[in-house]
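Q: I'm new to this one and would like to learn how to read it. Could you walk me through it feature by feature?

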Amino acid sequence: MKKWFLSFLCVLLVILKVNAQEKIDLSGYWWYTTDRISDPSALVDKVGERISLPNSILANGKGSVAPLDTKRGGLLNDASYFYDSFMSKSYQRGEIKLSSLPEPEINYVGSVWYWKSFFVPKGWKKSRIIFFLGRPHIKTTVYVNGKAIGHSIISSLPHQCDVTPYLTFGSINQIAIKVDNEIRNLALSTSSHFASSVFQNDWNGVGGKIELQARAKQTVLKVKIGKYDEQKHSLQVFLQGDNGFDKGLKFLLEDSPVKVLDVEDRPAQEGLMTREYHLLCFLDRWDDSHPNTYELSMVVKRDTLCTFFGIRDISVKEGQCYINGHYVSFHGAVVDRDFSLTASLSTNVDFWFDLFRHYKEFGVNAIRFHGLCPPEAAFTAADCLGFYLEMESSSLLSQTGNSSLKIPVNIIKETKRIVDIYGNHPSLVMIIAPKGTHGKSLKKEDDWIKAMDQYDPRRIYCEVTDENNLAWNYVGEGKVNENHRELNVITPVLLER
């Protein structure tokens, strides 16, 4: 008996070791420098300073008081800056006092290099290795062993890149991240919310997870939870991935096997194989009173992809919002980043859980995020509490100062990425076009609503027509007064379906 137990324990330890090696956590101490680096391979021998990531330069106490001639966005530059007793002291010292009160006294504008060495197991050689940055800001460029992998300019989404060809397995490797938050390097207008100091969106650093992920060569890459048929107990699921990902594919709901009722091929999208599945499930619906959430896992060989979701329908009848067929009134608050003292939104679930819980205690059931998409931790907490989230797609509209009446393609592209990553969260009930689009004819901007409603109709899409009104249909005739400035209450404005 003792021998059998020891054998079982050894096998268990091997299994745990294999599972532990599926991800390598790279959070913790990194080296960093603000020096100009032309050859990333030179970082191997360079001695920098230590900094803790995920975090920002400011949260680590690095940086300095911004000089008066700093080229950055959203500075307070009206007459009060020079004559108000509170602001004029900073002017006399030749320093900038930011108009956003939670903004730290110190700041940093420019490029920062972060780098770290790590060991890659030899057993990962047959896997696809993904480098995952949960919430980098603003422009990030990734280098592995001195070779550039790619860059990304995203304000609220993970930066993921395949680093497999650049790694040496069974050996030490080096990864470097160049993060730039200077407006002139991003071709952004100084009025853009995307990099505004007033909205605390010009921080330099990385938030969320920082890790290497070992994935299968052929696996599921995207998961979209569709409709649920209560009569047939059938859950619609759309999967996208590499050709052949369906071989040996298994579904688990809350760790229990799920029966596949039907499978249908769909046209490939973005070069990815697409299939529609119908699964036999017994599910309860999600709302603010009954926050029922589930975990669905897709297992392909040793590779497992999990998504958390909830079943809820949202519709509009005669200007009123209905969730699961029941009328709901959104009593909410509009927030920027004024509840954060670190100039970057928290990626800790407990932070958001406590925040939303306090809101609910005061009768608030919704939050509208102004000019940004919250991190995944916020969606996770809202799902569990039954809290409604409304967000504005990240404002790239002011890019290069272009005031074109047509919404740039990158707005639609980034919004699609948002719903690809966060769309299964039932708490995400509304997405609003960037605030920079207000004051223009919706008839010339309805492509955004049409494109997004066709791409993923599981929530409401609407646009801002002026400072106090939102429009939600295709022709720009429907408007509603939002009144959030005086009453701090969100009036739901919705797309008729």
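A: Sure. One term comes up right away: helices and strands here are DSSP runs, numbered from the N terminus. Keep in mind too that this is a predicted model. To try out the numbering, take Arg-368, which sits in strand 24.

Q: Is Arg-368 buried or exposed?
A: The cut-off for buried is under 20% relative accessible area. Arg-368 has a relative accessibility of 1%, so it counts as buried.

Q: Which side chain does the side chain of Arg-368 make a polar contact with?
A: That would be the side chain of Glu-392, at 2.6 Å.

Q: Okay, now sheets. How do I read those?
A: The general idea is that strands of a sheet pair through backbone hydrogen bonds, either parallel or antiparallel. Here, one open sheet has 6 strands in the order 3-2-5-10-7-8, and the pairing is antiparallel. Strand 3 (49-53) and strand 8 (147-153) are at the edges with a single partner strand each, so each has one side without a neighbour in the sheet. From one strand to the next, the twist averages 30 degrees.

Q: Which strands pair with strand 10?
A: On one side there's strand 5 (residues 111-120), antiparallel to strand 10 over 10 bridges. Strand 7 (residues 139-144) also runs antiparallel to strand 10, joined by 6 bridges. Look at Ile-175 in strand 10: Lys-116 stands opposite this residue, and Val-144 has Ile-175 as its bridge partner too. Another pair to find is Thr-140 opposite Val-179 of strand 10.

Q: How many residues of strand 10 are buried?
A: Strand 10 covers residues 171-180, and 7 of its 10 residues are buried, so the strand is largely enclosed by the rest of the structure.

Q: Can you show me another sheet to practise on?
A: Try the open sheet of 4 strands, with the order 12-13-17-16 and antiparallel pairing. Its edge strands are strand 12 (220-229) and strand 16 (260-269), each of which pairs on one side only. The twist here averages 20 degrees from one strand to the next. Strand 12 and strand 13 (residues 234-241) run antiparallel and are joined by 7 bridges. Within that pairing, Val-220 stands opposite Gly-241 of strand 13.

Q: What about the inside? How do I read a nonpolar core?
A: In soluble globular proteins, nonpolar side chains tend to be buried together. The largest nonpolar core in this model has 34 residues, and Trp-352, Phe-356 and Trp-448 have the most contacts inside it. Several elements each supply at least two of the core's residues, including helix 5 (349-361), strand 24 (366-369), helix 6 (376-385) and helix 8 (446-455). Helix 6 gives the largest share, 6 residues. Apart from this core lies another, of 31 residues, among them Ile-24, Leu-58, Val-144 and Ile-210. You've already met Val-144 as a bridge partner of Ile-175.

Q: And aromatic rings?
A: A pair of aromatic rings is described by the distance of the centres and the angle of the planes. The count here is 12 aromatic pairs. In one of them, the rings of Phe-351 and Trp-352 have centres 5.2 Å apart and planes at 90 degrees, so the pair is edge-to-face. Phe-351 is partly exposed, with 31% relative accessible area, whereas Trp-352 is buried at 0%. Ring pairs also link Phe-351, Trp-352, Phe-356, Tyr-359, Phe-369 and Phe-387 into a cluster.

Q: Where does the charged end of Arg-50 sit?
A: Over the ring of Tyr-29, 4.1 Å from the ring's centre. Elsewhere, Lys-224 lies over the face of Phe-238, 5.7 Å from the ring centre.

Q: Last one: how do I spot unusual backbone?
A: Most residues other than glycine have a negative phi, and most peptide bonds are trans. In this model, a cis peptide bond joins Leu-53 and Pro-54, with omega about 5 degrees. Pro-54 lies in the loop between strand 3 and strand 4 (55-56). For phi, look at Asp-255, which isn't a glycine but has a positive phi of about 70 degrees. Asp-255 is in the loop between strand 14 (250-253) and strand 15 (256-257), and is exposed, with 61% relative accessible area. Asn-324 also has a positive phi, near 55 degrees. This residue is found in the loop between strand 21 (320-323) and strand 22 (326-327), and at 17% relative accessibility Asn-324 counts as buried.

Definitions and conventions
Residues are numbered from 1 along each chain as its sequence is written. This is a predicted model: local features need pLDDT of at least 70, side-chain atom pairs count only at pLDDT 80 or more; totals for chains, interfaces and linings use all residues. Side-chain values use heavy atoms; hydrogens and water are left out. Buried means under 20% relative accessible area, exposed over 50%, partly exposed in between (1.4 Å probe, protein chains only). Two strands pair if DSSP finds at least two bridges between them. A nonpolar core is a set of buried Ala, Val, Leu, Ile, Met, Phe, Trp, Tyr and Cys residues joined through side-chain atoms within 4.5 Å. A polar contact is a pair of N or O atoms within 3.5 Å; within protein, one must be able to donate a hydrogen and the other to accept it, and residues adjacent in sequence count only if both atoms are side-chain atoms. Rings of Phe, Tyr and Trp (its six-membered ring) pair if their centres lie within 6.5 Å; planes under 30 degrees apart count as stacked, over 60 as edge-to-face and the rest as tilted. A charge sits over a ring if NZ of Lys or CZ of Arg is within 6 Å of the ring centre and within 35 degrees of the ring normal. Axes are lines fitted to C-alpha atoms, for helices over the stretch in contact, and angles run from 0 to 180 degrees between N-to-C directions.
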